[in-house]
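Work through the exercises below with the sequence and the coordinates open, and try each task before reading its solution.

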Amino acid sequence: MAMLTRDYPGSEIAVGMQLKHAATRALANHWTQGYMDHDPSWARLLTTAIAERRFQRLRDLFDADGRGEAIGFGPGADQMRLAFAAVREKAEALRASGKAQRGDIRVEHGLLKRTHLSIRFGKLNHCTLDENNPVGAKCLEDAIVPPGHRGPLIDRCQPARCSNSIIAAEHLPIWQAEHASLTKLRSLPALPANRKALIDQQIRDVEIALTKAGET
Ligand code: SF4
């Protein structure tokens, strides 16, 4: 509904009618299979919206990098900066040869879109794994990958140790809070030795992440 109202002027009215209709059905206590059916056109719209949002965030990173701001820390961030630099170089070459239709930042943004840089935005880190070349993916090491699965195994992510990981400034508060809470937990007197060892390992991982970000 939100996507429709964003894309089509005047569609608030249609949304209002639809919501009213849905509410009537709910209050009548009738279950309507039609509301729950998978709708391929909605699925396509959702996929497009997610891709657009992802590109917006990638473009924001690109612009921040262009302004000389830090886009993040770790090897993933270094790779991303190199990829951004290559896009800028290519845009300059297009301008110099007169092949670029425009002279402004839209040349870079167009190239960025066509380059299809791989990035997944997350709460603890961003992942730059390329599904076609999953080199260095810690989450895939010794993993049983489900048949047909492509890309990272997010629940096995190791943000501090993977070469595809970007730890950005927006992630740091979570890492700092995690460090404080693990340190507090570690100081409890009655912890069994194996639990202490596990917490020590977790603290080390958090410290690796914070060190990469220049926070320790
Ligand atoms: S370990 Fe994390 S950052 Fe690395 S490839 Fe897997 S999901 Fe991406």
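**Exercise 1: a helix and its faces**

Task: state which residues of α5 are buried, taking buried as under 20% relative accessible area, exposed as over 50% and partly exposed as in between (1.4 Å probe, protein chains only).

Solution: The buried residues of α5 are Gly76, Ala77, Met80, Phe84, Val87, Ala91 and Leu94. Seen down the helix axis, these buried residues of α5 fall within an arc of 100 degrees, taken over the directions from the axis to the C-beta atoms, so they line one face of the helix. On the face of α5 turned away from that buried side, the exposed residues are Leu82, Glu89 and Ala96.

The model is predicted, so local features need pLDDT of at least 70 and side-chain atom pairs pLDDT 80 or more, whereas totals for chains, interfaces and linings use all residues. Residues are numbered from 1 along each chain as its sequence is written, and side-chain values use heavy atoms, without hydrogens and water.

**Exercise 2: the ligand shell**

Task: list the residues that surround the ligand, counting a residue if one of its heavy atoms lies within 4 Å of it, and then divide this shell by residue class.

Solution: The ligand is surrounded by Asn125, Cys127, Leu129, Ala137, Lys138, Cys139, Pro152, Cys157, Gln158, Cys162, Asn164 and Ser165. With Ala, Val, Leu, Ile, Met, Phe, Trp, Tyr, Cys and Pro as nonpolar, Asp, Glu, Lys and Arg as charged, and the others, Gly among them, as polar, the shell divides into 7 nonpolar, 4 polar and 1 charged.

**Exercise 3: the whole protein**

Task: how much of the protein is buried?

Solution: Of its 216 residues, 26% count as buried.

Methods: Near = heavy atom within 4 Å. Helix = DSSP H or I, 4+ residues; strand = E, 2+ residues; numbered from the N terminus.
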